[in-house]
Amino acid sequence: MRLFRIYKKLYKFFGPQRWWPRMLRGEEGIFEICVGAILTQNTNWNNVVLVLRNMHEAELTCPERVAQVRAAKLQACVRASGYYRQKAKKLKIFSKYICDNYSGKTSCLLKGGLVGKREELLGLWGLGPETADSILLYAGVKPIFVIDAYTKRLCQNLGVELVDYDDYRLYFESNLPKSVKLYKEYHALIVAWGKLLTKDKDKALLLIK
DNA sequence: TACCAGGTCCTCG
DNA sequence: CGAGGACATGGT
């Protein structure tokens with residue numbers, strides 16, 4: 001298993017990543033993961049942290065509050081993570097979905113089937129496959145492998161060229177043990193590797209040889 | 001100072 | 001479909 005061998009190398013080099021990073025626990029912690037997953041779309045995590053702090057101060061830590069807060073106020077909170085009008089709208093839509101269908105309990109993600117929930121999330125405006133899968137894996141604790149831009153770059157360097165998002169996902173899922181813990185850690189390690197790739201390309205490539 | 005960051009949606013051919 | 005553009009801020 002080549003993918004597992006690479007995983008072990010990355011783990012040995014970078015150590016445990018402890019994803020998903022968050023300040024809150026319990027119900028609010030689950031919601032915070034979903035919010036972060038939306039905010040980090042094509043955006044540096046540092047900017048996301050600024051927004052999470054704003055939202056915490058504004059007590060926007062549950063779906064009910066986000067669904068009800070004035071759009072202009074939410075936009076102001078979200079500004080630092082970029083695309084702030086779109087992202088405020090995405091947070092509203094996701095929050096309303098949780099409120100209307102699951103009584104505002106983001107922990108609904110922990111229950112039910114993976115496939116059904118994935119379809120629901122993908123049906124929401126603003127949630128594409130990576131965001132939906134991040135939510136399912138890290139908030140819903142469901143065994144689904146998250147594919148991001150770095151994962152595709154890793155594949156490129158392994159000589160694996162696929163087209164569709166799901167083809168990449170199934171490639172990882174079918175070549176690794178089905179484990180939430182492994183999927184969480186591996187995705188986080190790939191991001192760490194991706195960052196190294198931009199800083200020191202030779203070192204990053206050597207690491208996966 | 002350009003360029004990039006843990007994507008997604010929309011439009012047009 | 002698929003390519004191309006829009007969305008936006010903060011760090012280096």
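1. Leu50 belongs to helix H3, which spans residues 45–57. In this predicted model, Leu50 has a relative accessible area of 39% and is therefore classed as partly exposed, since that class lies between the cut-offs of 20% and 50%. The C-alpha atom of Leu50 is 9.3 Å from that of Arg79, a residue 29 positions away along the chain.

2. Arg79 also appears in the surroundings of DNA strand C, where the other residues are Asn42, Asn47, Ala80, Gly82, Tyr83, Tyr84, Arg85 and Gln86. Of the atoms of DNA strand C that come within 4 Å of the protein, 56% belong to sugar and phosphate. By residue class, this surface comprises three nonpolar, four polar and two charged residues. Helix H6 (residues 84–102) supplies its largest share, namely three residues.

3. Individual polar contacts to the phosphates of DNA strand C can be listed by residue. The side chain of Arg85 places an N or O atom 2.5 Å from a phosphate oxygen of the strand. For Gln86, a backbone N or O atom is 3.0 Å from a phosphate oxygen of DNA strand C. For Tyr84, a polar backbone atom is 3.4 Å from a phosphate oxygen of that strand.

4. Gln41 is located in the loop that links helix H2 (26–39) to H3. Its relative accessible area is 16%, so Gln41 counts as buried, the limit for that class being under 20%. The side chain of Gln41 comes to 3.0 Å from the backbone oxygen of Gly126. Beyond its neighbours within four places in sequence, Gln41 makes contact with Gly126, Thr131, Tyr83, Lys87 and Lys90. Tyr83 is also one of the residues that surround DNA strand C.

5. At the level of the whole chain, the assignment splits chain A into domain 1 (2–19 + 145–207) and domain 2 (26–139). Taken over C-alpha atoms, the centres of domain 1 and domain 2 are 25 Å apart. Contact between them involves 13 residues of domain 1 and seven residues of domain 2.

6. The size of an interface is often expressed as the accessible area lost when the parts come together. Between domain 1 and domain 2, the buried area is about 810 Å², with carbon and sulfur atoms contributing 64%. On the domain 1 side, the residues that lose the most area to domain 2 are Val146, Tyr165 and Lys184, which together make up 53% of what that side buries.

Terms used. Residues are numbered from 1 along each chain as its sequence is written. Chains are lettered from A and ligands numbered from 1 in the order in which they are written. This is a predicted model: local features need pLDDT of at least 70, side-chain atom pairs count only at pLDDT 80 or more; totals for chains, interfaces and linings use all residues. Side-chain values use heavy atoms; hydrogens and water are left out. Helices (H or I, at least four residues) and strands (E, at least two) are DSSP runs, numbered from the N terminus. Buried means under 20% relative accessible area, exposed over 50%, partly exposed in between (1.4 Å probe, protein chains only). A residue is near a molecule or strand if one of its heavy atoms lies within 4 Å of it. A polar contact is a pair of N or O atoms within 3.5 Å; within protein, one must be able to donate a hydrogen and the other to accept it, and residues adjacent in sequence count only if both atoms are side-chain atoms. Ala, Val, Leu, Ile, Met, Phe, Trp, Tyr, Cys and Pro count as nonpolar, Asp, Glu, Lys and Arg as charged, and the others, Gly among them, as polar. Domain bounds come from an automatic or database domain assignment. Contact means heavy atoms within 4.5 Å. Buried area is the accessible area (1.4 Å probe) that two parts lose on being put together, summed over both.
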